[in-house]
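Biologist: I am new to this one. Could you show me the model and talk me through it?

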Amino acid sequence: MSKTSVVAGPANQRALAGGRKPRRWGSWYIAEHRIRGQRSYYQTIIATSIGNPLVYLFALGVGLAALVPQGIPNGAGTISYLAFVAPALLATAAVTVAAEESTYPFMMGFKWNPIFFAMNATPLSGNQVANGMFIAILARIVPTTLIYFVVMLFFGAVPSGWGVLGIATASLTGLAIATVVASYTSRIEEDKGQMAMIMRFGITPMFLFSGTFFPLESLPWFLQWIGWISPLWHGTQLGRVAAYGLDEPAWLIAVHIVYLLALTIVGWVATQRVITRRLNK
Amino acid sequence: MITASALTKKYKDFAAVDGISFEVAPGESFGLLGPNGAGKSTTMRMVGAVSTRTSGTLSILGLDPDEHGPEIRSQLGVVPQADNLDQELRVRDNLIVYGRYFGIARSVIAKKADELLEFAQLTDRAKAKVDDLSGGMKRRLTIARALVNDPRILLLDEPTTGLDPQARHILWDRLFRLKEQGTTLVLTTHYMDEAEQLCDRLVVVDKGTIMAEGSPASLIRDHSSREVLEVRFGSDRNAIVAEQIRNAGDRVEVLPDRILVYSANGEAELTKMTDAGLEPITSLVRRSSLEDVFLRLTGRSLIE
C-alpha cells in the first residue's frame with residue numbers, strides 16, 4: 001500500500017494538535033463516560049454493596065460458623081470459621097461485580113447499545129475503549145470491596161492489621177476475571193445464552209470449589225484442579241494470608257500473585273485486540 | 001480536504017469498494033449516490049479513518065488515515081447510518097461525554113452542549129432519555145453530537161433514511177445552515193431528491209465503482225432528457241404497448257409497473273400516443289431526476 005505524504009498546512013496542523021490529548025487521555029475519557037452511565041443505577045449499586053456483605057457474613061460467618069465451633073486448622077493452631085470465610089467472601093464480591101460488568105456491557109457495546117463504534121468515530125482507538133472499560137470496572141470493584149472490608153471489620157472478621165491488603169488482592173482477582181471474561185464476551189456477535197453459561201458453568205462452580213467455604217485440601221484430589229485454575233482460589237488464599245496470616249509457603253504466595261497478574265495481562269491484551277479488530281470493519 | 005485514488009476495500013475475495021477516485025474541496029457538499037450495497041458506507045468508513053483500506057491512496061486534511069487516524073478523526077463529525085447514541089445516558093449527557101472524547105474541557109463542553117441542543121431544537125428534551133425521542137429527534141441529536149468538536153468535515157451516512165417527510169425537511173434545513181457556515185459535507189444517500197437538495201457535486205456509485213460524476217444538473221443533462229413522460233397501461237398491457245411505442249422520444253424504459261419515455265417535450269409525446277389510439281390509465285410529465293440518471297447508467301432503479 002502506498003503511503004500518502006504529509007503536506008504541512010493549517011488544516012493538518014489543527015488535526016495534529018487535535019489528536020494529542022485524546023491519544024494521551026482517551027482511556028480515561030471512556031472510563032469517565034462509563035462511570036457517568038453507572039450513576040443512573042447508583043442506588044442499586046450502593047444498596048447491593050452494603051447489603052451483600054451483611055447478608056453473607058451473617059449467614060456464613062455467624063450462622064454456619066456455629067456448626068464449626070472448633071474453627072479451621074491453620075499451621076499449629078486454628079482460626080475461627082468467620083475469619084476463614086470472610087476473605088473468600090470479599091474476593092467473591094469483587095468477582096461478582098467483575099462478572100456483571102464484563103459480560104453484557106462488552107457485547108452491548110457492539111450491538112444493542114453500540115457505543116464502541118461511536119467512541120471509535122472520535123479520536124479514540126479500540127485499545128483505549130478496552131482500557132476505559134477496565135478502568136471503569138475497577139472503579140466499581142474497589143469501592144465495593146472497600147465497603148465489604150469495613151463491614152468485615154464490624155463483624156470482627158479481620159484479626160490482622162495487614163488484612164487491609166485484602167482490598168487489593170480481591171480487586172486484582174476481580175480484574176483478572178473481568179479481563180478474561182471480556183476477551184470472550186467482546187467476541188460474541190449473537191446472544192445465544194452465552195452469558196448465562198458463563199455464570200452457570202464458570203462463575204458459580206468457581207465460587208463453590210475455590211476453597212471458599214472449606215479448605216481446598218478437603219476436596220477429593222480429582223476436583224482440586226478446579227481450585228488451581230480458579231483465580232478466586234488464588235485471590236482468596238492471598239486474602240487469608242493478609243487477614244490472619246494463613247500458613248502458606250512463600251513460593252505459593254508468589255504463584256498466587258503471578259497467576260492473577262498473568263491472567264489480567266493476557267485477558268487485557270486479548271480484549272484490546274478483539275475490540276480493535278471488530279471496530280475495523 | 002479529501003483525496004482518494006484507486007481506493008479499494010476487499011473482504012476476502014469480495015471488493016466492496018473497487019478502485020474509486022474522487023476529491024472533495026473545502027466547503028464543498030459532496031455526495032455518494034447509489035443503491036444499498038454499492039459500497040457507500042464502506043467508503044465513508046475509510047474516509048472516517050476507522051476502516052483500513054486494502055489498497056489505493058487516501059488523504060484527509062493532508063494526512064494518511066493509516067498513520068494519523070486519531071488526528072484525522074479529531075477534525076471529523078460522523079453521523080452513522082444507524083444511530084449509536086448511548087441509551088443509558090440522557091440527551092444532554094450524550095453530548096457531554098462525546099465532547100470529552102475530543103479532549104474538550106468540561107466547562108467548555110457544558111456551554112457547547114446547550115448551544116447544540118438549541119441548534120438541534122432539542123433544548124426542552126435535554127433531560128429526556130434517548131429511548132423516548134422520536135426517530136427525527138434521535139437523528140438531530142446524532143448530528144448535534146457530530147458537531148461538538150466544530151468539525152472541518154461532516155460525514156453523513158444516509159442522514160434521512162427512515163424519517164418522515166417533515167423530519168427530513170427539518171434535517172435538510174439544519175444541514176443547509178452548516179453548509180452556509182462553510183462546513184464541508186460528505187453524504188451518502190439513495191434518495192435522489194436529497195442528493196439534488198444538498199449536493200454541489202456527486203458521484204453515482206454502483207457495485208463499488210463510480211459510474212458518473214458531476215453536479216446534479218450536469219448529470220441529468222448528460223445522462224437523461226429534459227423531461228420524462230410516465231405512462232401506465234396496467235401491468236398486463238405495459239409490455240405490449242411498450243413494443244408499439246419503442247421509438248417514442250429519445251429513449252423508452254420499461255419498468256414492471258410503468259413505461260418511461262425520455263424526451264425534451266413530454267406533453268408532445270403524450271399527444272402523439274393518444275393520437276395513435278393508445279390511452280394510458282394514468283400519465284405524468286415530470287422533470288428528469290437523478291433516479292433517471294441512475295436507471296440509465298445501471299439499468300436498475302435506486303430503491304429496489
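Modeller: Gladly, and one definition to begin with: two residues are in contact if their C-beta atoms, placed from the backbone, lie within 7 Å. This is a predicted model, in which local features need pLDDT of at least 70 and side-chain atom pairs count only at pLDDT 80 or more, while totals for chains, interfaces and linings use all residues. Residues are numbered from 1 along each chain as its sequence is written, with chains lettered from A and ligands numbered from 1 in the order in which they are written.

Biologist: How many residues of chain A are in contact with chain B?

Modeller: From chain B, 35 residues take part. Their partners in chain A number 39.

Biologist: Which elements does chain A have, by number of helices and strands?

Modeller: Helices here are DSSP runs of H or I with at least four residues, strands are E runs of at least two, and both are numbered from the N terminus. The order from the N terminus is α-α-α-β-β-α-α-α-α-α-α-α-α-α. That comes to twelve helices and two strands.

Biologist: At what angle do helix 7 and helix 8 of chain A pack?

Modeller: Axes are lines fitted to C-alpha atoms, for helices over the stretch in contact, and angles run from 0 to 180 degrees between N-to-C directions. Among the residues that meet are A:Phe134 and A:Phe149 of helix 7 and A:Gly166 and A:Ala170 of helix 8. The two axes are 9 Å apart, and the angle is about 145 degrees.

Biologist: Which helix gives the largest share of the largest nonpolar core?

Modeller: Such a core is a set of buried Ala, Val, Leu, Ile, Met, Phe, Trp, Tyr and Cys residues joined through C-beta atoms within 7 Å. The largest one has 146 residues, and A:Leu90 and A:Met152 are among those that touch the most other members. With 16 residues, the largest share comes from helix 4 (residues 81–102) of chain A.

Biologist: And A:Ala254, is that residue buried or exposed?

Modeller: A:Ala254 sits in helix 12 (residues 250–279) of chain A. A residue is buried if 20 or more other C-beta atoms lie within 10 Å of its own, exposed if 12 or fewer, and partly exposed in between, with C-beta atoms placed from the backbone. Because A:Ala254 has 10 C-beta neighbours inside 10 Å, this residue counts as exposed.

Biologist: What percentage of chain A counts as buried?

Modeller: Chain A has 281 residues. By that neighbour count, the buried part is 47%.
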